[in-house]
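Hi everyone, thanks for making time. I'd like to walk you through one structure today, so have a look at the screen and I'll talk you around it.

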Amino acid sequence: MMKFWKFAAFFVSFALLCLISEAQSPAKTLKRAEQALGGEKSMRSAGWALSGTIKSVPDDSGGRFSAASDGNGRYREEFDIAGFEVEAAYNGRSAWQRDSRFGLRTLTGDEAEVIQAIADFRTNYWFSASKRKLRITQFGTNAQCDLVTISSPKGIIINLCIDRQSGVVRTEEFTSGSARRRFEYDDYRTVGTSKRPFRIVAEVDSKRYEITVIEYLPKSNAGSFDYPTIPTEPLPDLRLLLQSVGENQQRLEQMLENYSFEQKVISRELGKDGKLREIKSETRQISYYKGNPIRRVIEKNGKPLSEKEQAEIDREITDKIVEIDKAAAKEEALQKKGSEQQEVRISIAELLRASNLINPRRERFRGRSVIVFDFEPNPAFDYRDAKSFLKFFGKTAGVIWIDEADRQVARIEAFLVDSYNIGSGLLAKLKKGASFVMEQDRVNDEIWLPSLIEIDISARVLLFKGLDINQTIRSYNYRRFRTEVRDAEIREPAGKP
């Protein structure tokens with residue numbers, strides 16, 4: 001009897017070891033799924049569209065449903081249940097949603113990230129993972145599926161359940177922060193050269209829907225993904241609006257020396273296990289001197305600097321102030337001699353000269369009226385004599401929010417649509433897909449100061465060295481100084497991270 005139990009224990013251990021070994025081979029699992037769904041070429045086709053019916057669970061109210069992908073990263077879904085309409089899309093530059101309760105709005109944060117992740121997955125799936133900086137891991141099995149996780153540098157998680165027998169995808173789950181969407185698939189049929197599901201269960205915002213696909217159709221045209229045009233009061237001329245933003249920015253820069261704030265820079269890294277972790281942080285005090293930012297580091301990794309480290313930082317700041325004074329004196333001397341040399345100011349208006357401005361609309365953002373528009377590279381722009389910053393911006397696409405009353409940038413999202421060379425590529429090359437987000441807050445009803453910056457960049461430096469930068473920078477605890485009384489008027493912190 002003892003030998004029997006030893007044999008049984010060995011058999012169970014061996015079986016578990018086999019399952020664990022199999023669970024550590026995501027490439028094999030995804031290759032099986034690729035073959036089951038029709039192959040990479042078929043999956044990454046020129047796009048598709050579907051139409052069908054939808055039913056809300058558990059109240060059984062129903063209506064129509066449609067979805068489409070253009071094969072180039074754009075995606076749209078729309079349904080109507082008992083007169084309640086919902087439409088959401090990513091148009092390659094911005095994500096938006098329209099529904100009968102909240103109306104039409106441009107999505108930001110987690111909501112936008114999830115829609116964008118779905119759009120990208122419907123086009124690229126798990127292919128070219130290393131190029132897209134994706135981390136793929138297999139975290140186990142269940143009675144029906146092998147379970148695979150795809151993680152992005154932005155912290156987006158895609159969980160897949162791949163059928164162990166047929167190889168088709170049984171479930172997809174997209175998560176970014178608090179936003180989550182889940183899809184269950186069944187009744188796969190051959191459509192052209194692909195296998196596609198005809199029964200779908202979708203979970204969106206804790207609501208469950210059952211979708212029955214009637215037919216798959218040729219792809220929709222690109223215009224169907226754009227922000228809908230709705231009647232509104234006349235919009236301002238965008239070029240003139242941006243010009244006034246630049247002029248207003250110069251006026252507000254004169255107030256900068258009256259303000260200081262704190263800033264925390266968090267660097268993150270996507271581990272081999274697919275988890276995004278904080279690897280280091282730095283807290284700074286930001287102030288301005290003659291228009292130049294002075295960054296005084298006060299903490300590293302949550303710990304104050306030692307007296308020796310702080311003294312060294314303060315010496316560097318003193319040296320910088322001396323350099324600023326010398327540069328200012330030199331500029332003043334040149335101006336007295338009648339030199340035409342002037343300070344180069346880079347405004348949003350100048351940057352967007354290299355862009356096409358698309359889909360202007362009015363919205364509410366952080367409780368204020370804003371003008372929002374998408375932008376993308378202008379192929380007609382002549383880059384031959386353009387400044388380097390214009391060449392850089394001429395390779396970006398995204399969306400921007402302009403505060404209508406204050407003529408200030410409230411938020412901007414942008415990403416590189418093509419690689420960008422610095423020093424003809426000899427110094428560095430920023431890779432396609434690099435992205436950044438910037439937000440500003442209105443402080444003391446007189447000035448706009450940075451509140452959030454998110455950076456995700458992959459670069460090749462000096463021809464051979466690879467560099468990944470994934471940072472979140474939050475600013476808070478804004479202070480206004482009354483220089484005439486050498487006192488400070490302190491604003492409540494915006495929330496220290």
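Before anything else, a word on what I call helices and strands: they are DSSP runs, at least four residues for a helix and at least two for a strand, and they are numbered from the N terminus. With that in hand, here's a spot to find: Asn477, which sits in strand 26, residues 465-482. Asn477 has a positive phi of about 55° although it isn't a glycine. In general, most residues other than glycine have a negative phi. Is Asn477 buried or exposed? Buried means under 20% relative accessible area, and Asn477 comes in at 11%, so it counts as buried.

Okay, let me step back. This is a predicted model, so keep that in mind throughout. The chain has 497 residues, and 44% of them count as buried. Along the chain you'll find 8 helices and 27 strands. If you take the contacts between residues at least 6 apart in sequence, 49% of those join residues at least 24 apart.

How confident is the predictor? The average pLDDT is 84, and 85% of the residues score at least 70. Residues 1-24 are below 50, and that stretch has 8 contacts in the model beyond near neighbours in sequence. Another stretch under 50 is residues 339-345, with 6 contacts beyond four places in sequence.

Now to the part I want to spend some time on, helix 4. It covers residues 109-124, so to speak a run of 16 residues, and it reaches 22 Å from the first C-alpha to the last, close to the 22 Å expected at 1.5 Å a residue. Its buried residues include Ala112, Val114, Ile118, Phe121 and Arg122. Just after the helix, Tyr125 takes a positive phi of about 50°.

Which residues touch the most other members of the largest nonpolar core? They are Phe121, Trp126, Leu160 and Phe174, in a core of 51 residues. Helix 4 gives this core its largest share, 7 residues. There is another core lying apart from that one, with 18 residues, among them Met255, Tyr259, Ile286 and Tyr478.

Let's zoom in on two of those core members. Leaving out residues up to four places away in sequence, Phe121 touches Trp126, Ile150, Ile158, Leu160, Glu172 and Phe174. Leu160 is in strand 9, residues 157-163. Why do we call Leu160 buried? The cut-off is under 20% relative accessible area, and Leu160 is at 1%, so it counts as buried. With the same sequence neighbours left out, the contacts of Leu160 include Leu30, Phe121, Trp126, Asp146 and Val148. Leu160 and Phe174 are 14 residues apart along the chain, and their C-alpha atoms are separated by 9.1 Å.

Next, empty space. Rolling a probe the size of a water molecule over the atoms shows where some is left. How many cavities of 30 Å³ or more does the structure hold? The count is 1. The largest cavity has a volume of about 350 Å³, and 24 residues line it, the closest to its centre being Trp48, Arg122, Tyr185, Arg196 and Pro197. You've already met Arg122, on the list of buried residues in helix 4. The largest share of the lining, 5 residues, comes from strand 12, residues 194-204.

A few loops, then. Pro58 is in the loop between strand 1 (48-57) and strand 2 (62-69), and the peptide bond from Val57 to Pro58 is cis, with omega near 10°. Most peptide bonds are trans. Lys290, in the loop between strand 15 (276-289) and strand 16 (292-300), is not a glycine but has a positive phi of about 50°. Lys290 is partly exposed, with a relative accessible area of 43%.

Glu404 is in the loop between strand 20 (396-403) and strand 21 (408-416). Which residues does Glu404 touch, not counting those up to four places away in sequence? Arg362, Ser369, Val370 and Ile371. Take Val370: it is 34 residues from Glu404 in sequence, yet the two are 5.1 Å apart in space, C-alpha to C-alpha.

Last stop, Tyr420, found in strand 22, residues 420-422. Tyr420 is buried, at 11% relative accessible area. Ala459 is 39 residues away from Tyr420 along the chain, and their C-alpha atoms are separated by 9.3 Å. That's my tour, thanks for listening.

Methods:
Residues numbered from 1 in each chain as written. Predicted model: local features only at pLDDT ≥ 70, side-chain atom pairs only at ≥ 80, totals over all residues. Heavy atoms only, no water. Expected span 1.5 Å × (residues − 1). Buried < 20%, exposed > 50% of the residue type's maximum accessible area, 1.4 Å probe, protein only. Core = buried A, V, L, I, M, F, W, Y, C linked by side-chain atoms within 4.5 Å. Contact = heavy atoms within 4.5 Å. pLDDT = per-residue confidence, 0-100. 1 Å grid on protein atoms, 1.4 Å probe; cavity = no way out; pocket = protein on both sides within 12 Å on 5 of 7 lines; lining within 4 Å. Points joined across faces, edges and corners; volume = space filled by probe spheres on them.
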